Structure formats: C-alpha cells, structure tokens
Number of protein chains: 2
Amino acid sequence: MSIQARRKRERAERERLIVTAARDLLESEGWDAVTTRRLADRIEYSQPVLYSHFKGKSAIMAAVATAGFADLATELRAARIAAGEPRQALAAVAAAYAGFAERHPTLYEAMFTQPVDLPFGRPDTPPALRQAYEELREGLRPFTREDNVETLTETFWSALHGLLVLRRSGRLPHDDHERRLALLLDRFAT
Amino acid sequence: MSIQARRKRERAERERLIVTAARDLLESEGWDAVTTRRLADRIEYSQPVLYSHFKGKSAIMAAVATAGFADLATELRAARIAAGEPRQALAAVAAAYAGFAERHPTLYEAMFTQPVDLPFGRPDTPPALRQAYEELREGLRPFTREDNVETLTETFWSALHGLLVLRRSGRLPHDDHERRLALLLDRFAT
DNA sequence: GCAGGTTCTCTAGCGTTGCTAGGATCGCCA
DNA sequence: TGGCGATCCTAGCAACGCTAGAGAACCTGC
C-alpha cells in the first residue's frame, strides 16, 4: 500500500513540476517557447511522459491557467479588503486586476484569451476561478441599480478585460490607460 | 509599357484572389484550415507564389483583417445613419458591431484578437480601420461629459469588445447577452 | 535470492506546419 | 529565331504535437 502511495505522490509531484515549468517557460520566454520538447527538457523527462499526465498540450495550458486564477483571486481579495469605502474598493480591485494582467501578460492570455477547455460559470467551475469572479462581484455590489448583480459584474469585467487586451495588442494607445480606467470607474461606480 | 501594365494588373488581381481565398477559408472552415498549402491549392498556384506577394502568412491575415475593417465600417455607418435620436443611434451602432462579430466570428478574431501587424491609432492607420473607429466615436460624441471623446470611445469600444470575446470563448454565459449590452448602454448613453 | 510480470520511460518516427533554395519553364524582345 | 529575364514549381528543411513499440526498472511471490 505504501509503495503505491509513494508512486502516486511522486506522480503528483511531477505533475506540479510540469505545470510550473510550463508557466515559467510561458512567462519568461513567451508562447513560442512553450513546446512539448522544451517542456520535456525542463522537467528532465522525455516527451511522452507529458502525455501520461495530460491529454495534450492544451490540457497543460489549462492547468497553467487554473494556477493563475488562484494567484489572481488572492491578489483581488487582498486589494478589496485593504480598501475602505466602496468606490475606493472597486477602484482597488480593478487596479489589482489590471496590475496582474500587466505583470503576467502571457499568463493572463492563457487564462482569458486563449481558447481553453475550462468550465466558466458552470457548476463545476474551479474554486479559484469562482473566487476571482466573486471578488469582482463584491466590489461591484454596492453599485447595483435596478439591474442584476451578475449582469453588472459580467459587464464591468468585460470592459476591464477589453481595455487590457486591446491595449496589449497595440490596438489602443499605450498611454491614456489610467484615464480610460478612471472613466470606466466613473460610469460604473455611482 | 502595356505588357508590364497587364502583368502588374494580373499580379494585383492574384493578390486579391489570395486574400479572398484566405478569408473564405477562414470563415467557412476556421483557423486550422488556413494553411499555406490549402491556400495555394485554392488559388491554383504553388506555395512560393504566396511569398512573392506577402512576407508571410501573418501578412496575409493582416490583409484579410483590413478587408474586414472595410465591411465593418460600412455596416456601422449604415446603422448610425438609419437611427435618429442619439441614444438610439449609439444602440444601433453597438448592435451592428456585435452583429458583425457574431456573423463573422473568425474574421472578427483576425481583426481584433489575433496579434496582427497593423498600425492602430497611428498616422498610417488604414482608412477603413480609421473609419470604423470614427463611426463609433460619432455615435458616442453626444454623451461626452467632462472627459475626452477619444477616451470615451476607446473605453466604450473596449467594453463592447470584451463582452463579445468573453462570450465567444465561453467565459460569459451565452444568454443574458442582450441584458449586458443594455446595461452597457445604460452606463454610457446618458 | 531469484525468476516473472507489471509498470514505467525512452527512442524513433509519423504527419503537418511555415517557409525557402534551386532548377526548370515560360514569354518577351531584338 | 535565339537569347535573356521574369516567373513558377519541385523538393526539402527545421520544428511542431503526438504516438507506437522496444527496453529498462521495479515490485512481487516462490
């Protein structure tokens, strides 16, 4: 029994190793660097080992994204807790969200842009993902008017996301970012 | 002189053929179908011909995107002109924008999501792209408050874009779309 | 302690991708 | 009509995701 337990433990350990290696590679050298060969090299195993853990490369990236959600959720929570008054709290959460996207651009892409096989807004949504969403929602709750909190959250989130991706891809001028964020808050936090 | 003119004309014709073939392929069969081999097959030339017209595949996709901008611009203009009162006009433009994205999802992706080598908001921005942006801006102008029209337009556009891409990638519930659009208009068209 | 069998991992290779070098072929011009 | 450019295609490169099948390592039972 103990032997199987150890093997299982080692396998789980190696799986974590794969995910962190993929994330490292993604964040330090970009999407093109994340190949199954380079990944296998990093973990010092051969390629097929990857496929004994994950169905394919996209499954690995999904795991990377999930890990990112956990980080994002804690950062958002910290920001919301630290701030006081509702409007300031929402501003803090939005700034934390934007800051995360800026500090981890490729990871953010894996989480929110890349087609990834993760259940969003479903019963089986990963806790980390759900929690990140809830931080946003709690930040917005004070500003609900006649409309649904969920709809409000989804719309605000979309706006924030749009600002970030369009800027990152060079479709929005790189400066004026703060002004756009301020305007967004102005329209939603009243 | 006439011979060279004919050759130049034929080359231009073939270039258009490449772009429309790429767009057809993209819209009818998706991203995976757009390979240089299949493209060469469609235009009934060999692969290297593509590279005598474009620097690479991404340059072809940039041309496809540019063609898309022209279509989008005319649709937006038609929508704005047809509507009367400002709020209704903005709603019409937004709906036209969303409709375009829904009817041409992969083309929209090429235009606004895919990393593409096009100058946005620069002096050398393609006219079609500039025009599409201006339609949005004119729709928003009546709702400028203390802030810049450009900032307002950029922010509203981002929100719209965010709603569309997050929905398409399954990150937002597919229904409730209209409600989110309505909420967005509510926050901006006052 | 040692054979048997299971579990694991690596080598090698498949089919496909974007892209390019080099030779062959075509068509224009004198 | 012969020579010369321009044009185009065949063939191939390196890299990709992924997999079959051989081999090594390990635990188990005698």
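Two residues are in contact if their C-beta atoms, placed from the backbone, lie within 7 Å. By that criterion, 28 residues of chain A and 28 residues of chain B take part in the contact between the two chains. The model described here is predicted. The points below cover the two-chain interface, the symmetry, a helix pair, the domains of chain A, and the surroundings of DNA strands C and D.

**Interface between chains A and B**

- On the chain A side, the elements that give two or more residues to the surface touching chain B are helix 8 and helix 9.
- Helix 8 of chain A supplies the largest share of that side, with ten residues.
- Sorted by class, the side of chain A that touches chain B holds twelve nonpolar, nine polar and seven charged residues.
- The copies meet through the same surface, because 100% of the interface residues of chain A are also interface residues in chain B.

**Symmetry of the two copies**

- Two copies of a chain are related by a rotation about an axis and a shift along it.
- Here, chain A is superposed on chain B by a rotation of 180° with 0.0 Å of shift along its axis, at an RMSD of 0.1 Å.
- The two copies are therefore related as by a two-fold rotation axis.
- A159(A) is the residue of chain A that comes closest to the rotation axis, with its C-alpha at 1.8 Å.

**Helix 8 and helix 9 of chain A**

- Two packed helices are described by the angle between their axes and the distance between the axes.
- For helix 8 (residues 149-168) and helix 9 (residues 177-188) of chain A, the axes come within 11 Å and cross at roughly 170°.
- Angles over 145 degrees count as roughly antiparallel, so helix 8 of chain A is roughly antiparallel to helix 9 of chain A.
- From helix 8 of chain A, the contact uses F156(A), A159(A), L160(A), L163(A) and R167(A).
- Their counterparts in helix 9 of chain A are H177(A), R180(A), L181(A), L184(A) and F188(A).
- The residues of this helix 8 to helix 9 contact in chain A comprise seven nonpolar, one polar and two charged.
- A159(A) thus appears in this helix contact and also as the residue of chain A closest to the rotation axis.

**Domains of chain A**

- The domain assignment splits chain A into domain 1 (1-53) and domain 2 (62-188).
- The C-alpha centres of these two domains of chain A are 29 Å apart.
- Seven residues from domain 1 of chain A and seven residues from domain 2 of chain A make up the contact between them.
- On the domain 1 side of that contact in chain A, four residues are nonpolar, one is polar and two are charged.

**Surroundings of DNA strand C**

- DNA strand C is surrounded by 16 residues, the closest being S46(A), P48(A), T35(B), G56(B) and K57(B).
- Elements giving two or more residues to this surface are helix 3 (47-53) of chain A, and helix 2 (36-43) and helix 3 (47-53) of chain B.
- Helix 3 of chain A makes the largest contribution to the surface near DNA strand C, four residues.
- By class, the surface near DNA strand C has six nonpolar, seven polar and three charged residues.

**Surroundings of DNA strand D**

- DNA strand D is likewise surrounded by 16 residues, and the closest are T35(A), T36(A), G56(A), K57(A) and S46(B).
- Helix 2 (36-43) and helix 3 of chain A, together with helix 3 of chain B, each give two or more residues to the surface near DNA strand D.
- Helix 3 of chain B gives the most to this surface, with four residues.
- The surface near DNA strand D consists of six nonpolar, seven polar and three charged residues.

Definitions and conventions. Residues are numbered from 1 along each chain as its sequence is written. Chains are lettered from A and ligands numbered from 1 in the order in which they are written. This is a predicted model: local features need pLDDT of at least 70, side-chain atom pairs count only at pLDDT 80 or more; totals for chains, interfaces and linings use all residues. Axes are lines fitted to C-alpha atoms, for helices over the stretch in contact, and angles run from 0 to 180 degrees between N-to-C directions. Angles under 35 degrees count as roughly parallel, over 145 as roughly antiparallel, 65 to 115 as roughly perpendicular and the rest as oblique. Ala, Val, Leu, Ile, Met, Phe, Trp, Tyr, Cys and Pro count as nonpolar, Asp, Glu, Lys and Arg as charged, and the others, Gly among them, as polar. Domain bounds come from an automatic or database domain assignment. A residue is near a molecule or strand if its C-beta atom, placed from the backbone, lies within 6 Å of it. Copies are superposed by least squares on the C-alpha atoms of residues with pLDDT of at least 70 in both.
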